[in-house]
Amino acid sequence: MTRILAIESSCDETAVAITEDGKLLCNVVSSQVDVHAKYGGVMPEIASRLHAENIDVCLKEALETSSLKFEDMDAIAVTRGPGLIGCLHVGLQAAKTIAMLYNKPLIPVHHLAGHIYANEYAGEFKFPMLCVVVSGGNTELVIMRDHLNFEIIGETKDDAVGECYDKVARVLGFPYPGGLPIDRASKLGQHTYDLPMPLSHEDSYDFSYSGLKTSVINLANTLKMKGEELRPNDLAKSFQDVAIGMIVEKATKAARAYDVKQVILAGGVSANSYLRECMKNRLENTGIDLIIPPLWCTTDNAAMIAKVAERLYKEGVFADLSLGVDPNWKIDEYRKF
C-alpha cells in the first residue's frame, strides 16, 4: 500500500491531496480567485501571503478527511514549478518540513505534468499521445510516447492563451478570470470583427497571442475614439474563434503528423466549451481517441500532483532537502532538479 500526500501552490490555489494506491482519498482546495478578481489578475505578493495563511488549514483538513496522519504517508509530493516564485516557495517549504520531520521521501512534481496526468481520472492513456496544454501561464503541445516521456513540439512565443483571455475580458468589461465570461458571451455573438491569427502561415506548432491581444485593445480604442459602438458579444465571438481556432488547427495538424493514438486536453483553458466542442468535431471518425478532463481537474489542484507523484515514486525519483523551486522549469527536464 502506497500513500502520497501532495501539495500544490503554484498560483492562486492552495491545495492538498492524499492518494492510496491510486485512489483519491481527499482533495482540498482553497481558492483565492475572489480576492484577486478586484485587481483583474493575480497579485503575486498577496497570493504568497494567502498561501502561507491557508497551507496549514488545508493540510489539517486533508488529514482529517482521510483519517490519516503524516506518519502514515509513504512520500510527500510538491509542485516545484513552473509558477509564481513566492507561491511555489510556500508549498515547497511546507513539503520539506513534513518530509524532514517524519523522514519521508520528497517528490518534486512538474505543474504541467500534473495537468496532463489529471486526465487519468477520466480515462486510460494510449501512446503515442498528444497533450494540448492550455492555461493562464502556458500554451504547449507535448508529445508523450510513454509515461513520463515529454517532448515539447510547440509552445507560445509570448503570452499564454489564458493570459490573453484575461486581458481581452478586461477590455470588454468582463470580470476576472476572463475565460468563462468570454466563452458565455461568444455564444450570444457573431464573428463580425476581423482579427489576425499569428503564426498561422508558418510551418510550426508554436503559438503567439501577444498580437491578437494587442489587436483587440487597438480595435476597442479605435472604436471609442470614433464614437462607434463596441459590441462585446460579437467581439468575444470573433476573439474566441481566433484564439481557440489557433489551438485546434495546430493540435489536429500535430496529431496527424505524429500519428498519435490519443489527444488529451489539459490546463485551465481546457474547461472552455468551444475548445472541447471543436476538438470533438475535428477528431470524430479519425480513429484518434480524445480525453477531456472533468471540470474539477482543469483548475489547479493537488490531486493531479499526486497522480504524477505515484509514478515518480515507483521510479524512485526523489529530491533531498536542498531542493529549490524553479518558476521556469521545462516539462521535458522534469528529472533535472
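**View 1. Thr-79 and its partner across the strands.** Thr-79 sits opposite Val-109 of strand 5. The model here is a predicted one, where local features need pLDDT of at least 70 and side-chain atom pairs count only at pLDDT 80 or more, while totals for chains, interfaces and linings use all residues. Residues are numbered from 1 along each chain as its sequence is written, and side-chain values use heavy atoms, with hydrogens and water left out. Strand 4 (residues 75–81) pairs with strand 5 in the parallel sense, over 5 bridges; two strands count as paired if DSSP finds at least two bridges between them. Strands (E, at least two residues) and helices (H or I, at least four) are DSSP runs, numbered from the N terminus.

**View 2. The open sheet and the helices on it.** Here 5 strands make an open sheet in the order 3-2-1-4-5, with mixed pairing. Strand 3 (23–31) and strand 5 (106–110) are the edge strands, each pairing on one side only. From one strand to the next, the twist averages 20°. Helix 3 (residues 85–101) packs on this sheet and touches strand 1 (3–8), strand 4 and strand 5, with its direction at about 160° to that of strand 4. Contact, by the way, means heavy atoms within 4.5 Å. Helix 10 (residues 303–314) lies across strand 1, strand 2 (13–20), strand 3, strand 4 and strand 5, and runs at about 120° to strand 5. For these angles, axes are lines fitted to C-alpha atoms, for helices over the stretch in contact, and values run from 0 to 180 degrees between N-to-C directions.

**View 3. Cysteines without a bond.** The structure holds 0 disulfides, a disulfide being a pair of cysteine sulfur atoms within 2.5 Å. Take Cys-26: the closest cysteine sulfur belongs to Cys-58, and at 10 Å that is too far for a bond. Cys-131 is in a similar spot, since its closest cysteine sulfur, in Cys-297, is 14 Å away, too far for a bond. Cys-26 is buried at 5% relative accessible area, and Cys-131 is buried at 0%. Buried means under 20% relative accessible area, exposed over 50%, and partly exposed in between (1.4 Å probe, protein chains only).

**View 4. Inside the largest nonpolar core.** This core has 45 residues, and those with the most contacts inside it are Leu-130, Val-132, Leu-141, Tyr-209, Phe-239, Ile-247 and Val-263. A nonpolar core is a set of buried Ala, Val, Leu, Ile, Met, Phe, Trp, Tyr and Cys residues joined through side-chain atoms within 4.5 Å. Helix 8 gives the largest share, 12 residues. Leu-141 touches, among others, Leu-130, Val-132, Ile-153, Phe-207 and Ala-251. A second, separate core of 39 residues includes Ala-266, Val-308, Trp-329 and Tyr-334.

**View 5. Thr-252 in helix 8, beside helix 9.** Thr-252 belongs to helix 8 (residues 232–257) and is buried, with a relative accessible area of 3%. Its side chain reaches the backbone oxygen of Glu-249 at 3.1 Å. Leaving aside residues up to four places away in sequence, Thr-252 touches Arg-282 and Leu-283. Leu-283 is one of the buried residues of helix 9 (residues 273–283), and what covers those buried residues includes helix 8 and strand 9 (262–266). Asn-272 caps the N-terminal end of helix 9, with a side-chain oxygen 2.9 Å from the backbone nitrogen of Tyr-274. After helix 9 comes Asn-285, whose phi is positive, near 65°.

Conventions:
A polar contact is a pair of N or O atoms within 3.5 Å; within protein, one must be able to donate a hydrogen and the other to accept it, and residues adjacent in sequence count only if both atoms are side-chain atoms.
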